[in-house]
Amino acid sequence: MYRSGAVMAWNVFKFCTALRGLGSIMILLVLGVVGVTYYAVVITNHGPGLAAGGLDSLVAFVVLILFHCLLVMLLWSYFSVVFTDPGSVPPNWRTTLDEERGDTDPLTSAEFPVDSDYGRIRFCRKCNNLKPPRCHHCSVCERCVLKMDHHCVWVVNCVGALNYKYFLLFLFYTFLETTLVTLSLLPHFIGFFSDEEIPETQRTPATTFLAFVLNLAFALSVMGFLIMHISLVAANTTTIEAYEKKTSPKWRYDLGRKRNFEQVFGMDKMYWFIPAYSEEDFRRIPALQGLEYPSKPDLDAQEL
């Protein structure tokens, strides 16, 4: 049993090292898919379709406008996830309340609590530091991440408190974009297998075929992830928390769908669909900072 555990820990370490080694390769892969799609949609098919005249020109114009708008939002959201720190524990962070004892005395260095349930003060033995509520240690980034959801290889970053909204928007715009591309290239994809002569404007049908297959695959897979994360937002939980609390019937941070949504997207409707927050939201919703989270008072009392 001991040898088996040692092998498992070694394999996990190798896996985390491999994820770190991917680095910018995944970003280049994403940009490569975007490049192939752009060439197939704009250069090969709908760009030349603008000169066709009649209804074909109108369809091409509408597709190109929607395609570029969604592409801008997709890339904006994507690089916001990539370059935004998901949230780290501030140096020498301390809580003003010892929730384990129920008094107002601040913790001293000799009173570090052991790991416990959500909402209580916890201690990370790897970082050798206290952990705020809903904070988890990432073995890939080798640090504690505020409200960690998961480590995503596609964005080469952890998804946590400060970039979770951006990740959701990335999924949302990716689904819309890939669905649009799939539908717009469907007639050209069908024509690839027909006996009809390929138009001269469509000089690279193989690119159209590849772009259609890639975007169809991404649309279907991203749809599944999007549905899953919508359910997580509705319950005000994360992927890690949903897995760890699967046997618990109650969740102390479930404040109702409206407030749960605001804990991620803020209250300012003008910012809901862009990867940014208003200063007013940061002021009104402390949860967006990743250190403090409102919870149900009755469940707090039960835990204490």
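In this short talk I will go through the overall make-up of the protein, the confidence of the model, its largest cavity and two asparagines.

What we have in front of us is a predicted model, and it contains nine helices and six strands. Of the 304 residues of the protein, 42% count as buried, and the exposed surface comes to about 16900 Å², with carbon and sulfur atoms supplying 66% of that area. If we take the contacts with a separation of 6 or more, 60% of them are made by residues 24 or more positions apart.

Let me turn to confidence, since the model is predicted. The average pLDDT of the protein is 81, and 76% of the residues score at least 70. Residues 1–15 have a pLDDT below 50, and in the model this stretch has zero contacts beyond near neighbours in sequence. Residues 98–119 also have a pLDDT below 50, but for this stretch the model shows 52 contacts beyond near neighbours in sequence.

Next, the interior space. A search of the whole structure gives two cavities of 30 Å³ or more, and the largest cavity holds about 60 Å³ of space. Which residues line the largest cavity? The lining is made up of Lys 147, Ala 161, Tyr 164, Lys 165, Gln 263, Val 264, Tyr 277, Ala 287 and Leu 288. Sorted by class, that lining has six nonpolar residues, one polar residue and two charged residues. Among the elements that contribute, α4 (164–193) and α7 (257–265) each supply at least two residues of the lining.

Finally, I would like to look at the backbone at two asparagines. As a general point, most residues other than glycine have a negative phi. Asn 128, although not a glycine, has a positive phi of about 60°, and its place is in the loop between β1 (122–124) and β2 (129–131). Asn 236 is likewise not a glycine and has a positive phi, of about 55°; this residue sits in the loop between α5 (205–234) and α6 (239–244).

Is each of these asparagines buried or exposed? With a relative accessible area of 57%, Asn 128 is exposed, because the cut-off for that class is over 50%. Asn 236 has a relative accessible area of 3% and is buried, because buried means under 20%. To put the two side by side, the positive phi in the loop between β1 and β2 belongs to an exposed asparagine, whereas the positive phi in the loop between α5 and α6 belongs to a buried one.

Methods
Residues numbered from 1 in each chain as written. Predicted model: local features only at pLDDT ≥ 70, side-chain atom pairs only at ≥ 80, totals over all residues. Heavy atoms only, no water. Helix = DSSP H or I, 4+ residues; strand = E, 2+ residues; numbered from the N terminus. Buried < 20%, exposed > 50% of the residue type's maximum accessible area, 1.4 Å probe, protein only. Contact = heavy atoms within 4.5 Å. Areas by Shrake-Rupley, 256 points an atom, 1.4 Å probe, with all protein chains shown as cover. 1 Å grid on protein atoms, 1.4 Å probe; cavity = no way out; pocket = protein on both sides within 12 Å on 5 of 7 lines; lining within 4 Å. Points joined across faces, edges and corners; volume = space filled by probe spheres on them. Nonpolar A, V, L, I, M, F, W, Y, C, P; charged D, E, K, R; others polar. pLDDT = per-residue confidence, 0-100.
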